[in-house]
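The following exercises concern helix packing, ligand surroundings, annotated positions and burial. Each task is followed by a solution in steps.

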Amino acid sequence: MRQIKVFDTTLRDGEQSPGCSMNLEEKIKVALQLEKLGVDVMEAGFAIASPGDFEAVKKVAETIKNSTVASLSRALTKDIDRAWEAVKYAVSPRIHTFLATSDIHMQYKLKKTPEQVLEQATEMVKYAKKFCSDIEFSAEDASRSDKDFLCRVFESVINAGATVINIPDTVGYTTPDEFYDIISYIKNNVSNIHKADISVHCHNDLGLGVANSLAAIRAGASQVECTINGIGERAGNAALEEVVMALATRKDIYGVETGINTTEIYPTSRLITSVTGSLIQANKAIVGANAFAHESGIHQHGVLANKSTYEIMTPESVGLTENKMVLGKHSGRHAFEDRLNHLGYNLTKEEIEEAFQAFKVLADKKKTVTDRDIEALAGQKQVHTPEIYTFERFVTNSGNTITATANVKISRDEAVFEEVSTGDGPIDAAFKAIDKIVGIDFSLEDYKIQAVTEGKDAQGAVVIKLLKDGKIYKGSGLSTDIIEASIKGYINAINKMLYASSKQEKEATEDVEGRDI
Ligand SMILES: CC(=O)SCCNC(=O)CCNC(=O)[C@H](O)C(C)(C)COP(=O)(O)OP(=O)(O)OC[C@H]1O[C@@H](n2cnc3c(N)ncnc32)[C@H](O)[C@@H]1OP(=O)(O)O
Ligand SMILES: CC(C)C(=O)C(=O)O
Ligand SMILES: [Mg+2]
């Protein structure tokens, strides 16, 4: 199979991303991880840019043994000297020199004629070749350059000793179809092209960095330049993880291989995120938090039956331990039951169905339902107290300048009861309204509330203890609304009290006294 060389430029073009500068120690850490990832070439920096960058390139060159280490340099002798000073310590050093070839860049930026550019590029490759055998030449803004001029430049720099010619889409302007044609044209019209690797370096201004790189590979490019997480100038560079996984997953189309150890992709991505502080969006391909997460019931059911239904690559192949089943309002019974089993619950079909209905109500209120939410729901189902009174609805009105009032509606059998009361606060008012309906004499011994999950949409769990005739009756309520959780807990305790005083008193008393809900 044709082998594609992966040239990582996270430490150079990636670092050009605003806010992504790395210090020496961070660059070494990243370089070691890139080596572990198996990149063929790492561009460690732009040696002439600053003393710090020079030191970093030099240190990376001294440290890395299994990848080629490159430094960027303009097509100027002083830049090339500095680049060589830094990379000469590498086991496999490369000087990467560049000069723009598009009319726009030559006219406005370099203020040079095409003939002058051709000569400068050729002379500087010759100059660099005196130091180093491995020379890459990039025709900056190649995708907006005249194709025939581009071919003349490449032919000339290859004759001067370039071992790699790079065709950058510097401003992310090209499209897959056009880039395929450009690469094919260069392949077919540069007579000595067989003496050099064809490299591509795509930017993402139109979101096409990866697609353009893949089109170029199909057209015959043998080196692809990219960065981890796609960081880089402006909208970034082609993301290494996306290019590599596209090639790995669609071998049927591309028929090529890379030397990347794909299981190091995720750790590398995480390292870049932590070192640069540049976060990636949840839906980012391959390494985003949701890349291997499933929330919808139909997908979850499919994945539980066979992962390949909705996963085109395994999470393990990119260094994750497993996929994620996120329980939310789009989830179905299969995933819910699977999670219950996973959490160690053995509920009957009816209990699962009841818990599932409660889960759906909760999921409408919460963005995601956590394991602790599920445990709370499943725990509730395991207490077998008949619902003598059933909570229907409540309205409260409170504030620091008014007396709190509550209107509570509860039902028993077919009858519906509604009462209004005032109180020291909305919860006290609600309890007093319930007292009026129930009409039993007992006292509130204890009231506790705690968040069972995190975040502002957390569920509040209320535990209430009521005292009657020397016995304690514990009730629990769960809701994202603490007043609702309190009312539910209060009614739950009352139901236990009523149940206990009914015919099955002994059994019910064991239940309420024997377990902490
Ligand atoms: C497409 C890319 O990613 S290219 C790489 C971009 N990366 C960077 O620029 C990061 C590092 N750069 C730097 O630290 C600085 O720009 C330096 C040290 C390289 C140069 O700094 P300065 O000498 O102050 O020049 P400045 O950056 O203002 O301008 C660039 C100069 O280089 C010239 N230049 C630009 N590209 C090249 C090239 N490939 N070969 C030769 N000269 C070039 C420009 O024409 C301009 O020349 P002038 O000073 O004679 O007008
Ligand atoms: C220096 C070159 C390769 C570059 O980064 C670009 O053209 O985008
Ligand atoms: Mg670039």
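For helices, an axis is a line fitted to C-alpha atoms over the stretch in contact, and angles between N-to-C directions run from 0 to 180 degrees. The model examined here is predicted.

**Exercise 1. Determine how helices α2 and α3 are oriented to each other, and describe their contact.**

Step 1. Two packed helices are described by the angle between their axes and the distance between the axes.

Step 2. Helix α2 spans residues 51-63 and helix α3 residues 77-87; their axes come within 7 Å and cross at roughly 40°.

Step 3. Angles under 35 degrees count as roughly parallel, and 65 to 115 as roughly perpendicular. The pair α2 and α3 is therefore oblique.

Step 4. On the α2 side the contact involves Phe54, Val57, Lys58 and Ala61, which meet Arg82, Ala86 and Val87 of α3. By class, the residues of this contact are five nonpolar, no polar and two charged.

**Exercise 2. Carry out the analysis for helices α12 and α13.**

Step 1. The axes of α12 (residues 297-305) and α13 (residues 333-342) come within 7 Å, with a crossing angle of roughly 60°.

Step 2. That angle makes α12 oblique to α13.

Step 3. Gly297, Gln300, His301 and Leu304 of α12 meet His334, Ala335 and Asp338 of α13. This contact comprises two nonpolar, four polar and one charged residue.

**Exercise 3. State which residues and elements surround ligand 1 and ligand 2.**

Step 1. Around ligand 1 there are 15 residues, of which Phe46, Ala49, Arg74, Ala75 and Leu99 come nearest.

Step 2. Strand β4 (93-100) and helix α4 (103-110) each supply at least two residues of the ligand 1 shell. Its classes are eight nonpolar, two polar and five charged.

Step 3. The residues around ligand 2 are Asp13, Leu72, Phe98, Ser138, Glu140, Asn166, Pro168, Thr170, His201 and His203.

Step 4. Strands β5 (135-140) and β6 (164-169) each supply at least two residues of the ligand 2 shell. That shell divides into three nonpolar, five polar and two charged residues.

**Exercise 4. Locate the annotated domain and binding-site positions, and examine Asp13 and Asn237.**

Step 1. An unreviewed UniProt entry carries the annotation "domain: Pyruvate carboxyltransferase" for residues 4-266. The end C-alpha atoms of this span lie 21 Å apart, and the span is 44% helix and 19% strand.

Step 2. The UniProt annotation "binding site", from an unreviewed entry, covers Asp13, His201, His203 and Asn237. These positions are spread over 225 residues of sequence, yet they cluster in space, with a largest C-alpha distance of 10.2 Å.

Step 3. Of the annotated positions, Asp13, His201 and His203 are listed among the residues around ligand 2.

Step 4. Asp13 lies in the loop between β1 (2-8) and α1 (24-37), and Asn237 in the loop between β8 (223-226) and α9 (240-249).

Step 5. A residue is buried if 20 or more other C-beta atoms lie within 10 Å of its own. Asp13 has 24 such neighbours and so counts as buried; Asn237 has 33 and is likewise buried.

Step 6. Leaving aside neighbours within four places in sequence, Asp13 is in contact with Thr227, Gly232, Glu233 and Asn237. With the same exclusion, the contacts of Asn237 include Asp13, Cys202, His203, Cys226 and Thr227.

**Exercise 5. Decide whether Val462, Lys59 and Ser501 are buried or partly exposed.**

Step 1. A residue is exposed if 12 or fewer other C-beta atoms lie within 10 Å, and partly exposed between that limit and the limit for burial.

Step 2. Val462, in strand β16 (residues 460-468), has 24 other C-beta atoms within 10 Å and is therefore buried. Not counting residues up to four places away in sequence, Val462 touches Ile449, Ser476, Gly477, Ala485, Ser486 and Gly489.

Step 3. Lys59, in helix α2, has 18 other C-beta atoms within 10 Å and is therefore partly exposed. Beyond its neighbours within four places in sequence, Lys59 is in contact with Leu24 and Ile28.

Step 4. Ser501 lies in the loop between α17 (482-500) and α18 (505-514). With 16 other C-beta atoms within 10 Å, Ser501 is partly exposed.

Conventions. Residues numbered from 1 in each chain as written. Chains lettered and ligands numbered in written order. Predicted model: local features only at pLDDT ≥ 70, side-chain atom pairs only at ≥ 80, totals over all residues. Helix = DSSP H or I, 4+ residues; strand = E, 2+ residues; numbered from the N terminus. Parallel < 35°, antiparallel > 145°, perpendicular 65-115°, else oblique. Contact = placed C-beta atoms within 7 Å. Nonpolar A, V, L, I, M, F, W, Y, C, P; charged D, E, K, R; others polar. Near = placed C-beta within 6 Å. UniProt positions renumbered as here; feature names shortened; annotations may be inferred.
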